[in-house]
Amino acid sequence: RGDVCFYFGSALLSVEEFDAAIEQLSLACQLLPTHHEPLFKLADAFETVNSVTDVETVIKFALAQFPQHSEVFYRAANFYREVGQLSKADKLASECIVYSNDKLLSSYAWLLKLNLGQMQDNTDAYDALSAINNITLAVAHISDNVSDTHSDSATEKTLKMIVNYALGRYFELVNNTELAFRHWKIANLLQLSMCDYRVDDLSALFAAIKANSNKPKPDSGIKTSGFTPIFILGLPRTGSTLLEQLLCQHSDVSSLGEQTIIANQVANFAAHHAQQPYPYFMPDFSNPKGQEMCQQAANIYERAVKKRQLNTSFVIDKLPANFQSVGLIKSIFPHAKIIHLTRQFADTGLSIFKNHFAANEPYLCDLEELSAYHQLHCNLMQHWHKIYPNEIFEIAYETVVRQPQAAMQEVLTFCGLSHQQQCWQNNKDDSDKDKAVRMIKTLSSAQVTEPIHQRAIGQHSKYAAYLKQNGLVDYQHNSPII
């Protein structure tokens, strides 16, 4: 029963029994040769154990097995984007468009192509997206009032949203800032209407985190294995992928990427044993029973790292939202290295506003919501700096790209890593561009194939008036964006 193997393999993957999942999903692929879903689930399983070669083998097999399947082309295009083979990704996205009868899938493929930056002429993208946009009547029926979108179905909203993100990218490429921002605003309004909470709802959580987090005792007695966790955290789009890539050039460093192990496994384990949610169980860590719980939580995290077949002495975890869990992290890993990455907020705001994030989070699709989230973030980071003085290394994205050698030497020193010059000499020549080193799942996968550059600094300046009009405020410096 191929369907049973597929279901069982998927369940095993969700509970991180990766070897058993791969076995069951491989069986499902054999028993269901006319279905592409088991192949991609098997690719997901190989990806979790960082076997990029096996992922590519599955992708190539899927392309051969389903030579005219638009979804297969799109999935393959995303794989090659994630490993930095942009020209191949662009070609596969084009094949997806040729064979797709689905407007939504075609829109995703056009957005991918525009973000890859491989097209010499973007006219075809504009014509195709405009035709879809005219069908959806998005511009005619969407105003600044989010409630105007409530009558649309989820599929209709998603289609309008992706088309407008893509059109915004097109107009950005042709330097039409007014129309670019107009389409991004429509896309953001649509996505905001699909969010089920607002940032103000998080205020009580952030207050509780500060109230329940105290520095653990230095003699915690927690025993850890040979690896040291490095947590890179902050707001999205502040350069964490670039910093991760530079650190991963070091012979002693590997990366989990953006994983939710702290929130979904460690915090849930502690909450279950303490019978109260995060962060209310944090004070319990100071008693003997809590120390035992910390040790078990550390073991859970270490097992998760080992299951992903990362065996270096330093392992990066770069989920931005981990800034909410610094106290928890330092309780279970007192020796953990915390790197807080910052960036000029106006550039961060523009980068978030113009890019589509799969998660429907209000701070990712509304400038006022983002400003409020930024304020919560800054206040909480100030709290962590007070509790852990000299234990959180703060560095700006602008410093990394302007002075990569000096910046990386400081980062390496903070982490206790030897200085290896490949960590700041990432200048890529043409022979490097098609090398699949590791999969980069974030929106920055195309950018990090380039040598270090400063082009992203000050990008907001062309859009400053629009950002200000739509509510972007830097509360940290108590000033509007101008």
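The following conversation goes through a predicted model and asks how its structural terms are earned.

Mentor: Residues are numbered from 1 along each chain as its sequence is written, and side-chain values use heavy atoms, with hydrogens and water left out. Because this is a predicted model, local features need pLDDT of at least 70 and side-chain atom pairs count only at pLDDT 80 or more, while totals for chains, interfaces and linings use all residues.

Trainee: How many helices and strands are there in the protein chain, and what makes a stretch a helix or a strand?

Mentor: The protein chain has 21 helices and seven strands. Helices (H or I, at least four residues) and strands (E, at least two) are DSSP runs, numbered from the N terminus.

Trainee: What makes β1 a strand that is largely enclosed by the rest of the structure?

Mentor: Buried means under 20% relative accessible area, exposed means over 50%, and partly exposed lies in between (1.4 Å probe, protein chains only). Seven of the seven residues of β1 are buried, and therefore the strand is largely enclosed by the rest of the structure. Both of its faces are covered, with Thr228, Ile230, Ile232 and Gly234 on one side of β1 and Pro229, Phe231 and Leu233 on the other. Across the protein chain, buried residues make up 56% of the 482 residues.

Trainee: How do you know that β1 and β3 pair, and in which sense?

Mentor: Two strands pair if DSSP finds at least two bridges between them. Strand β1 (residues 228-234) and β3 have four bridges and pair in the parallel sense, so the definition is satisfied. Along this pairing Thr228 stands opposite Phe314, and Pro229 has Val315 of β3 as its bridge partner. Strand β3 (residues 314-317) points Phe314 and Ile316 one way and Val315 and Asp317 the other way, and all are buried.

Trainee: Which other strands belong to this sheet, and in what order do they stand?

Mentor: Five strands form an open sheet in the order β2-β3-β1-β4-β5, with parallel pairing. β2 and β5 (392-396) stand at the edges with a single partner strand each, so one side of each has no neighbour in the sheet. Neighbouring strands of this sheet are turned by 25° against each other on average, direction ignored. Strand β2 (residues 253-255) is joined to β3 by three bridges, one of the bridge pairs being Ser254 with Val315. On the other side of the order, β1 and strand β4 (residues 337-342) pair over five bridges, and Ile230 has Lys337 as its bridge partner in β4.

Trainee: Why are α5 and α7 called roughly parallel?

Mentor: Axes are lines fitted to C-alpha atoms, for helices over the stretch in contact, and angles run from 0 to 180 degrees between N-to-C directions. Angles under 35 degrees count as roughly parallel, over 145 as roughly antiparallel, 65 to 115 as roughly perpendicular and the rest as oblique. The axes of helix α5 (residues 70-82) and helix α7 (residues 103-116) come within 11 Å and cross at roughly 25°, and the two helices are therefore roughly parallel to each other.

Trainee: Which residues make the contact between these helices?

Mentor: Contact means heavy atoms within 4.5 Å. On α5 the contact is made by Ser70, Glu71, Tyr74, Ala77, Asn78 and Arg81, and on α7 by Leu105, Tyr108, Ala109, Leu112 and Leu116.

Trainee: Is Arg237 buried or exposed, and what is its phi?

Mentor: Arg237 has a relative accessible area of 16%, and is therefore buried. Its phi is positive, about 65°, although Arg237 is not a glycine. Most residues other than glycine have a negative phi, and most peptide bonds are trans. Arg237 lies in the loop between β1 and α13 (240-247).

Trainee: Why is Gln309 called partly exposed?

Mentor: Gln309 has a relative accessible area of 47%, and therefore counts as partly exposed. Gln309 lies in the loop between α15 and β3, and its phi is positive as well, near 55°.

Trainee: Where is Pro279 found, and what is the peptide bond from Tyr278 to Pro279?

Mentor: Pro279 is found in the loop between α14 (261-274) and α15 (288-307). The peptide bond from Tyr278 to Pro279 is cis, with omega near 10°.
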